[in-house]
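Me: I would like to learn how to read one helix and its surroundings in a model of this kind. Could we take it step by step?

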Amino acid sequence: MAKKKKAPPRTAKGKKKRQQNNWPWMALAALVAVIGLLLALILLPQLRGTKTAPTVAKKPSILTEVLVEDIRIEVESALVRAGAKLPNQALKNLSPGHSLKVEGSYPEAAALDALQKRLKRLSGNIQVQNHPARKTIVILWDGRLLFAVEYPSEPPATTITVAGPRVAIIIDDVGRDLATAREILDIDLPLTVAILPFSHKAAEIDQLLYQQGREILIHIPMEPQGYPDKNPGPQALFVNLDQDEIGNRYAAYRQRVPHATGGNNHMGSRFTEERQGMRTILAQMKKDGLFFVDSLTTPRSVAYAEAVKTGIPAIERDVFLDNVQETGRILTEIHKLAALAQRQGHAVGICHPHPETLEALRQSVRIFQEAGVTVVPVSQLLRP
């Protein structure tokens with residue numbers, strides 16, 4: 001039997017030679033793997049993005065005839081659901097920039113909020129303004145009048161003549177928290193509430209007070225003497241602002257406090273002394289049918305005089321009730337307010353939502369009753 005030849009032993013030199021022969025292939029495979037990994041890192045986020053990115057409808061930025069017709073349909077449907085009686089083809093024949101008069105009860109705020117949401121689906125350029133004091137709904141396109149809907153004016157219950165002296169009490173600086181607003185609503189007096197437009201809860205408190213039928217003012221921030229040590233807050237009116245900027249800031253106030261029927265100044269001991277600035281802001285308020293209360297933070301204020309010249313119903317503050325934040329001292333000022341009303345027939349007091357003030361107002365219900373003085377919303381004391 002032939003003997004099998006033994007395989008030659010593997011030497012280190014042969015092993016090294018084979019490794020050298022395999023190296024190009026190993027390097028190529030590693031390079032391919034690295035390139036694949038880099039491509040995966042680059043493409044994976046893009047692939048994820050295309051899978052998960054939501055489809056956003058592009059909102060029309062041009063007012064077309066088709067869009068105007070869609071807006072008309074939404075408005076007409078909302079009015080009919082709210083019980084309005086519309087003339088035949090009313091909105092169909094209403095051209096942009098004009099008003100339509102309808103009959104029926106003015107819609108609730110919730111109905112108009114729902115209309116705003118439906119119109120926003122058509123375009124982000126559409127805005128609904130609610131003016132319950134004037135019984136008017138205004139539809140704006142890009143800040144300009146598209147059309148308005150006017151309800152017949154009804155003599156409100158508050159126009160009933162009240163015999164004897166009357167006072168109005170305005171609570172300034174409201175808007176920071178809902179709890180304080182609810183405390184104000186619990187006081188058994190028809191208090192007028194002035195909301196700081198850029199305070200944290202301004203819009204929510206505006207809605208809450210409106211639903212409860214309370215009178216609302218925009219507490220307009222204005223430049224004081226001693227600025228910047230005394231700061232009136234965001235988007236305040238300053239004497240160096242031009243007319244366009246004052247108009248823009250006023251429009252922002254209206255968006256934050258849409259249910260206001262009037263306004264008064266927050267600080268403003270510098271601004272209310274300047275006729276031109278006051279004429280500008282009062283002209284803006286006149287367009288919206290708002291009245292003005294001069295808080296009289298300076299004896300040199302021209303605000304009331306300019307309001308009269310502009311043709312805006314207005315009145316001045318008589319007494320600050322809580323310069324000293326002690327309940328007993330505030331009650332003393334409330335007695336003075338009632339006595340002043342007895343002498344001159346009416347008086348306006350201004351205070352702030354301090355805990356001591358709210359407690360004094362609760363106790364003041366009896367004071368006014370015993371003095372024969374009626375507390376009314378400030379709009380009932382306006383001088384044309």
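Reply: What follows is a reading of helix H2 and of the nonpolar core, bearing in mind that the model is predicted.

Me: What span should the 17 residues of helix H2 have, and how far apart are its end C-alpha atoms?

Reply: Helix H2 covers residues 65-81, and because each residue is taken to add 1.5 Å, the helix should span 24 Å; the end C-alpha atoms lie 24 Å apart, in agreement with that expectation. Just after H2, glycine 83 has a positive phi of about 95°.

Me: Which residues of H2 are buried, and why do they line one face?

Reply: The general idea is that an α-helix has 3.6 residues a turn, so residues three or four places apart point the same way. In H2 the buried residues are Leu67, Val68, Ile71, Arg72, Glu74, Val75, Ala78 and Leu79. Seen down the axis of H2, these residues fall within an arc of 165°, so they line one face of the helix. On the other side of H2, Glu65, Val66 and Arg81 are exposed.

Me: What do the buried residues of H2 pack against?

Reply: They pack against helix H3 (109-122) and against three strands, E2 (126-131), E3 (136-141) and E4 (144-150). For isoleucine 71, leaving aside neighbours within four places in sequence, the contacts include Leu119, Ile126, Ile139 and Phe147.

Me: Which residues touch the most other members of the largest nonpolar core?

Reply: Ile71 and Ile139 do, in a core of 83 residues, to which helix H9 (residues 327-344) gives the most, with 7 residues. Apart from this core lies another, of 13 residues, among them Ala168, Ala194, Leu217 and Ile350.

Conventions:
Residues are numbered from 1 along each chain as its sequence is written. This is a predicted model: local features need pLDDT of at least 70, side-chain atom pairs count only at pLDDT 80 or more; totals for chains, interfaces and linings use all residues. Side-chain values use heavy atoms; hydrogens and water are left out. A nonpolar core is a set of buried Ala, Val, Leu, Ile, Met, Phe, Trp, Tyr and Cys residues joined through side-chain atoms within 4.5 Å. Buried means under 20% relative accessible area, exposed over 50%, partly exposed in between (1.4 Å probe, protein chains only). Helices (H or I, at least four residues) and strands (E, at least two) are DSSP runs, numbered from the N terminus. Contact means heavy atoms within 4.5 Å. The expected span of a helix is 1.5 Å times one less than its number of residues. The arc is that of the directions from the helix axis to the C-beta atoms.
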